[in-house]
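Here is a friendly walk through a model, with a few stops along the way. Please keep the viewer open as you read.

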Amino acid sequence: MTFDLETAANPQGLRRVAIDPVSRVEGHGKVTLLLDADDRVHQVRLHIVEFRGFEKFIQGRPYWEVPVMVQRLCGICPVSHHLAASKAMDQIVGARKVTPTADKIRRLMHFGQILQSHALHFFHLCSPDLLFGFDSDVAKRNIVGVAQAHPDIAKRGVLLRKYGQEVIRMTAGKRVHGTGSVPGGVNKSLAESERAALLKDVYQMIAWSRDAVRLVKELFEKNLAFYEAFGRFRANSLCLVRGDGAMDLYHGGLRARDADGKTLFDHVEYSTYWDYLLEDVKPWSYMKFPFLRSLGPDEGWYRVGPLARVAGCDFIPTPLADRERQDFLAYDGGNAAGATLGYHWARMIEMLHAAEGIKDLLHDDDITGSELMTRGERAGRGIGMIEAPRGTLIHHYRVNEDDQVVRANLIVSTTHNNQAMNEAIRQVARQYLDGKKLTEGLLNHIEVAIRCFDPCLSCATHALGRMPLAVELVDADGRVVDELARGGDE
Amino acid sequence: MVETKPRKLRIATTSLAGCFGCHMSFLDIDERLFDLVELVEFDRSPITDIKHCGRCDVGIIEGGVCNAENVHVLREFRVNCKILIAIGACALNGGLPAQRNHLDLRDCLQEVYATEASLSSGGIPNDPELPLPLDKVHPLHEVVKIDYFLPGCPPSGDAIWRFVNDLLAGRTPRLPHELMHYD
């Protein structure tokens with residue numbers, strides 16, 4: 001089955017327009033549109049154009065290398081992969097329950113990452129669209145332009161991100177690609193001096209995060225009909241929730257709901273994910289298309305990430321963020337919570353939750369404890385799941401008796417949102433582009449819709465590709481240093 | 001006497017077969033970003049909407065070369081940038097993505113797209129819109145001349161700040177021992 005606007009009935013004679021690369025997102029992606037002579041849109045696709053092959057080349061590596069290796073999938077959310085792999089490897093080393101210190105240091109690291117990633121995405125990457133307009137001057141539509149026009153907003157964004165990065169540095173050892181979490185626990189806890197340094201600024205971070213929620217709310221208020229309609233579509237949703245239904249970004253059971261909010265499954269033990277989820281492959285993207293097994297590929301696709309989590313949980317276990325959640329869900333009769341641009345609002349609510357969560361953990365003495373590691377009976381299979389900034393992340397490994405990884409399956413957050421992002425940009429194409437002369441500003445509408453999902457396209461490129469063509473790579477001196485893979489999958 | 005402000009240097013940045021971690025480290029200069037934009041302006045970069053590199057003083061590239069599009073972008077940078085800097089492990093030696101260099105591409109594809117247990121349908125993506133993958137991942141200097149190499153996975157924000165400041169001041173960049181590292 002193909003979806004409306006996925007594949008043109010007669011591509012011959014249609015004009016191709018490409019947005020290449022999609023900018024102000026993480027990773028490599030492009031959008032192609034096929035248009036007829038009257039500028040009617042016939043096909044819209046988001047392509048993930050790169051590949052890595054992590055699942056294959058980590059085979060044979062020792063399991064204890066994996067948490068450090070796989071975070072190189074992504075420099076924006078390395079902590080997600082670091083922790084999902086650690087949770088999987090906990091099972092390999094038989095650490096059924098890590099120590100309270102290890103659990104809380106990992107949670108602190110994760111909150112630090114949610115804070116920095118959400119701040120980066122909102123302030124550095126998306127705020128120019130929202131503050132200046134989707135079709136504003138391309139020369140100003142970036143963080144430098146924001147720094148000139150709204151220096152206070154830009155400065156807060158930079159300092160919120162800095163704080164999150166400092167939390168990561170103190171728990172993981174480095175701001176990007178740290179080493180703090182290991183199979184069975186962590187290798188460091190927080191020193192009192194580090195705790196004091198983080199406590200000093202945490203209340204400011206909470207206040208600024210609240211302001212950020214209000215900023216998004218004001219943007220909605222100013223332009224409500226447009227914000228709610230932009231790229232809107234109906235979808236199922238998927239997220240992890242705690243046993244009592246609370247938002248829990250570090251651990252929980254799987255909950256899926258349909259577009260009307262009806263629960264499809266709840267508190268599913270995530271190690272059985274393959275009973276509930278399947279993936280499809282389409283020839284035009286390296287990113288796979290997951291769906292809920294019970295509903296099938298046509299009806300079973302879903303969205304993940306801040307919007308799915310804020311709407312999907314029963315409550316947020318920190319008071320300020322929960323109040324904002326209730327406000328968001330009730331706003332305009334619940335319509336804002338179904339909007340694609342509602343992702344930004346939900347994301348800022350989560351940023352507030354992360355800031356509050358950091359504060360609570362900094363007041364917990366376990367974070368300076370010295371019981372760091374646990375071990376138990378060795379196992380051959382480990383599955384780790386976590387709510388990364390962009391959504392549900394699955395790491396699944398098999399390890400042999402020589403401690404080598406023999407099989408790996410990674411389903412990253414952005415992959416879950418693949419069909420949802422394609423639906424959003426097709427809806428934007430119908431709403432604003434169809435029949436119009438395309439301008440840079442109109443094309444940016446497509447990118448604005450993609451940015452709502454905060455896609456991590458480098459995470460999403462963990463697979464390899466091979467094409468039926470041959471091309472030579474020639475170096476600066478004219479020598480052939482490589483040739484492209486030739487021959488397709490005949 | 002009229003004081004003339006020196007023109008801003010123009011910088012382009014991109015990530016090829018990398019993870020964006022070096023760009024994150026660039027942003028780890030934190031509030032010094034506001035000092036930097038007094039001296040430089042950004043051309044093509046993941047933080048702007050400029051899609052092609054124009055004439056620039058400095059180009060900064062993270063990531064190695066893994067497909068035809070990477071080669072194309074790298075050459076566009078070389079043609080347009082007076083100074084080209086390779087930043088991070090992947091740009092310098094291929095890095096982690098180059099771990100696939102000892103494997104057969106077909107096996108990898110088969111494994112990922114055709115044999116996963118959770119897949120409902122197989123098939124290796126082969127649309128012409130997808131750039132051709134190289135069968136090996138290459139460091140940048142195997143394809144174009146590189147003027148400076150900044151190691152690290154990623155180099156720290158402080159190292160990048162020091163490096164860029166030396167360049168802006170017209171000095172040959174030199175990193176003190178504590179800022180030079182490869183992890």
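## Ground rules

Two strands count as paired if DSSP finds at least two bridges between them. Helices (H or I, at least four residues) and strands (E, at least two) are DSSP runs, numbered from the N terminus.

This is a predicted model, in which local features need pLDDT of at least 70 and side-chain atom pairs count only at pLDDT 80 or more, while totals for chains, interfaces and linings use all residues. Residues are numbered from 1 along each chain as its sequence is written, chains are lettered from A and ligands numbered from 1 in the order in which they are written, and side-chain values use heavy atoms, with hydrogens and water left out.

## Confidence

The model scores ipTM 0.94 and pTM 0.93. For chain A the mean pLDDT (the predictor's confidence in each residue, from 0 to 100) is 92, and 93% of its residues reach 70 or more. Two stretches of chain A call for care: over residues 462-472 the pLDDT is below 50, with 64 contacts beyond near neighbours in sequence, and over residues 483-490 it is also below 50, with 31 such contacts. Contact here means heavy atoms within 4.5 Å. Where pLDDT is low, the predicted coordinates should not be read in detail.

Chain B averages a pLDDT of 91, and 94% of the residues score at least 70. Among its elements, strand 5 (residues 81-87) of chain B has the highest mean, 98, and helix 5 (residues 105-114) of chain B the lowest, 78.

## Two domains in chain A

Chain A is assigned domain 1 (15-51 + 421-486) and domain 2 (54-418); such bounds come from an automatic or database domain assignment. Their C-alpha centres lie 25 Å apart. Across the boundary, 41 residues of domain 1 of chain A are in contact with 42 residues of domain 2 of chain A.

## The sheet 12-13-14

In chain A, three strands form an open antiparallel sheet in the order 12-13-14. Its edge strands are strand 12 and strand 14 (405-411) of chain A, each pairing on one side only. The twist averages 10 degrees from one strand to the next. Helix 3 (residues 78-92) of chain A packs on this sheet, touching strand 12, strand 13 and strand 14, and its direction makes about 150 degrees with that of strand 12 of chain A. Axes are lines fitted to C-alpha atoms, for helices over the stretch in contact, and angles run from 0 to 180 degrees between N-to-C directions.

How many bridges join strand 12 to strand 13 of chain A? Eight bridges do, with strand 13 spanning residues 391-399. The two strands form a hairpin with two residues between them, and Glu387(A) has Thr392(A) as its bridge partner. Strand 13 and strand 14 of chain A pair over six bridges, with His395(A) opposite Leu410(A). Seven of the eight residues of strand 12 (residues 381-388) of chain A are buried, so this strand is largely enclosed by the rest of the structure. Buried means under 20% relative accessible area, exposed over 50%, and partly exposed in between (1.4 Å probe, protein chains only).

## A helix in chain B

Which residues of helix 2 (residues 32-39) of chain B are buried? They are Leu33(B), Leu36(B) and Val37(B). Seen down the helix axis, the buried residues fall within an arc of 95 degrees, so they line one face of helix 2 of chain B; the arc is that of the directions from the helix axis to the C-beta atoms. These buried residues pack against helix 5 (143-149) of chain A, together with helix 1 (21-27), strand 2 (40-42) and helix 6 (157-168) of chain B.
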